[in-house]
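The following exercises are to be worked with the sequence and the coordinates at hand. Each task is followed by a solution in steps.

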Amino acid sequence: MNLFKSVASAISSGIPNFPYSFGERQDVEGGIWVLQNGQKRDDSSNCSILTFDINANKSRLPLARNAVKKLRTLRHPGVIKVLDTVETENFIYIATERITPLRWHIKRKSISTESLKWGLFSVAQTIKFINDEASSIHGALRVASIYTSESGEWKVGGFEVLSSIKDDEAIIYTYGSLVPDSGRYTAPELARSGWDAIKHNPSHAVDSYNFGCLVFEVFNGDFTGPGQAGQTKGIPPSMQSSYRRLVNSNPKARIGVGSFLEQGCRHGGFFETPLIKLTRSIENLGMKTEAEREVFLQDLDNLSDDFPEDFFKMKVLPELLKSFEYGGGGPKVFGVIMKISTKLTDEEFETKITPAIVRLFGSPDRAIRVCLLDNLPLMIDHLSPKVVNDKIFPHMVTGFTDLAPVVREQTVKAVLTIIGKLSDRTINGELLKYLAKTSNDEQAGIRTNTTICLGKISKNLGVGTRSKVLIAAFTRSLRDPFVHARNAALMAFAATNDAFSEDDCAGRILPALCPCLIDKEKLIRDQANKTIDAYLMRVRKHASTMADTVLPPPVTEVAAATTPRMSTPQPNDTASWAGWAISSFTNKISSAAGEIQPTTGITSQTSPSPTILTNDSRRPALGTTSASALHRQVLATPPTVSTHTSTSSNSNDHLEEPTCDNENDAWGDMAEETFFDASESTVKAGNSAANPFDDNGEPDFAGWLAAQAGKKPGTKPLPKGLAKSNVAQNRPGTMERKSTGGFSEGGPKQAGLTGGKTKPVATRKISTRPKVTADDDEWGDTW
């Protein structure tokens, strides 16, 4: 505790030329150093700081100074990496990479057997280097002198008595016994003869014994003393034989750590594990052949989850990224990268993976692009919206127009993954523009996937453009010749039912869906029925909430009685529609009234005089009143008798009522008006106020026939036998008139009424025959 207080005092006073800040303290048992977490002031990178209090441990000052010297000069991947050292009057500081005492993990037994083997393998490599290449003796190897780095690798420290075997005055001979807890780990020959016995035995003997004690301690959690040396409890069976030879009581019979390592690395040896094999080959991954790389990736994929995650994060992952980015890995490597990255935090992912992913999306290599798109779901949760919008999506959109169909298809599929990270402006602008292109792609599968994609991202589209975009896209897909594209459109319509208004459902979507009911494929017909049923259900539900009518309320009985009736009420529905139809015919007659052409002084055949049909000629023999007659009564003006024979624009000319001796003459005249005798000039309809029609609801066929005569102008003369000219010869009581079927070469004929005034003859342009025979009378009578 006094040591810690003195260290805190030194920290508060500041250390010159030491650009590191101190953090929390870590407990270290049985050592001369106080371990604290720290950070480098320049870049805030993590580090650890070992502090030695000179005033509190003056007797062990040579050990601390020897450790500083050896750590600075001895470089090996298995040795703690030193960043900086400072010695003041009161303290010695060593800044190293971030490390954690191995004893913590050993006491909790939180390390798997495979990871323990991997750690012992790493320590064995380091001790072999010290003994053989460095020609030195560690002298204090134990669990307390082993640390783990941020990557989970085991690092060797505790260099307080590390000495060269060539130095006769090495510190180990003089200060070896001052190492804390040295009695528990001292080799039997040193306990008997002192530290000078090292000179008389193999140089590796001390380190071999200490390494054997380390093996027992890591597998059992503790080592109490020399009595446990040689016990095989907890040690893997394949390692027991070599372990016994390490702790042999005879120093000359002990095998070196290098020999132990060699035995373990033999085929089927205890160091022949997937994890160790991985660590031995990861550093030169980029130099491996294709076959060797496949074997490596297979071993990497077979690793279980209980292997050290930190090692994969810090060591394996950077090597894999390097191999993949520079063309030495391939899609399978990136799959392993994503598998490892799932164990990273968001901060770790942002610093280690995101920069590489952004660079890889800009790669022109299609294989890399497709691999990135396939694995996008594994990384999207770790990517921020800003990175996706600003750095990834601009590179990604090039895939929509790529020449390779597989790149276009994977790009469309990837939209579903990144849609949640894109801004509204990007979605409703650039993204829809590219999806419009892929919806017309030459590949049927890409068109189909585009339809599916639009259906799934419909909720992300802007409210103002959603229905417009979806209806246009889906209805186009309904006409696609590819059956699955049509099916996708139907299913998309069904899935986005709530995205459209009721007006769109009834007016735009249902009409577009109906042709699919008779599609040639049963798959489409079945899906069309399901989709249409869903829309009909919604439309019907909405219709049930609507008002019965938006028309004004009906008039009362009093108001109805004062309103002029345009037609006579019919006793049943059939009569109602029939009466309406007949009324419409007569309405055409009254609305098509023309002007009477003048006849005075006109002798040209091209300007014939029209014949005005009287009201009597249109009146049927029966005493019934038609709906059209009532209509004419409403429109009629007060009756006036006109004696004008010339054509006038006066609106009352059509009311002229000539004298007629017999009503049957009018019906006879009506019989002469056939469908082929229609004149080009329109016949005016007139009413007689003195003698109104009363047909008791019977249809006005005479008016209808007159309307037909005015509608169908004849262009050809009638065949012989169809034209009638002299009805009076066969029908008694008829008016005496000349033939109206045509004109003579000298000019137009005028019809004369018996005992009456001369009337102008209606224009006839159908037949120019001057004469007809009497045989025609029989055809006219029959009609």
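A residue is called buried under 20% relative accessible area, exposed over 50%, and partly exposed in between (1.4 Å probe, protein chains only). The model is predicted, so local features need pLDDT of at least 70 and side-chain atom pairs count only at pLDDT 80 or more, while totals for chains, interfaces and linings use all residues. Residues are numbered from 1 along each chain as its sequence is written, and side-chain values use heavy atoms, with hydrogens and water left out.

**Exercise 1. Classify S182 as buried or exposed, and describe its surroundings.**

Step 1. Helices (H or I, at least four residues) and strands (E, at least two) are DSSP runs, numbered from the N terminus; S182 belongs to helix 6.

Step 2. The relative accessible area of S182 is 12%, and therefore S182 is buried.

Step 3. A contact means heavy atoms within 4.5 Å. Leaving aside residues up to four places away in sequence, S182 touches R142, G176 and S177.

Step 4. From S182 to R142 the C-alpha to C-alpha distance is 9.8 Å, with their positions 40 residues apart in sequence.

**Exercise 2. State what fraction of the protein chain is buried, and give its secondary-structure content.**

Step 1. The protein chain has 783 residues, of which 48% are buried.

Step 2. It contains 33 helices and 10 strands.

Step 3. Among contacts with a separation of 6 or more, 67% join residues 24 or more positions apart.

**Exercise 3. Identify the largest nonpolar core and its most connected residues.**

Step 1. A nonpolar core is a set of buried Ala, Val, Leu, Ile, Met, Phe, Trp, Tyr and Cys residues joined through side-chain atoms within 4.5 Å.

Step 2. The largest such core holds 152 residues, and W33, F211, L320, I337 and L431 have the most contacts inside it.

Step 3. Helix 8 (residues 205-220) contributes the largest share of this core, nine residues.

Step 4. With residues up to four places away in sequence excluded, L320 touches L285, F296, L300, V333, V336, I337 and I340.

Step 5. A second, separate core of nine residues includes Y20, C47, I49 and A95.

**Exercise 4. Determine the accessibility class of L83 and list what it touches.**

Step 1. L83 lies in strand 4 (residues 82-87).

Step 2. Its relative accessibility is 39%, so L83 counts as partly exposed.

Step 3. Residues up to four places away in sequence are not counted; the residues that L83 then touches are Y20, C47, A95, T96 and E97.

Step 4. L83 and I94 are 11 residues apart along the chain, and 7.6 Å separates their C-alpha atoms.

**Exercise 5. Compare the length of helix 23 with its expected span, and find its packing partners.**

Step 1. The expected span of a helix is 1.5 Å times one less than its number of residues.

Step 2. Helix 23 (residues 466-478) has 13 residues and should therefore span 18 Å; its end C-alpha atoms are 18 Å apart, which agrees.

Step 3. The buried residues of helix 23 are R466, S467, L470, I471, A473, F474, T475, S477 and L478.

Step 4. These buried residues pack against helix 22 (444-456), helix 24 (483-495) and helix 25 (502-513).

**Exercise 6. Examine the backbone phi angles of S44 and D181.**

Step 1. Most residues other than glycine have a negative phi.

Step 2. S44, which is not a glycine, has a positive phi of about 60°. S44 is placed in the loop between strand 2 (34-40) and strand 3 (46-53), and with 46% relative accessibility S44 counts as partly exposed.

Step 3. D181 also has a positive phi, near 65°. D181 sits in the loop between helix 5 (171-175) and helix 6 (182-185), and with a relative accessible area of 36% D181 is partly exposed.

**Exercise 7. Identify the buried residues of helix 9 and the helices they pack against.**

Step 1. In helix 9 (residues 237-246), the buried residues are M239, Q240, S242, Y243 and L246.

Step 2. Their packing partners are helix 4, helix 8 and helix 10 (257-264).
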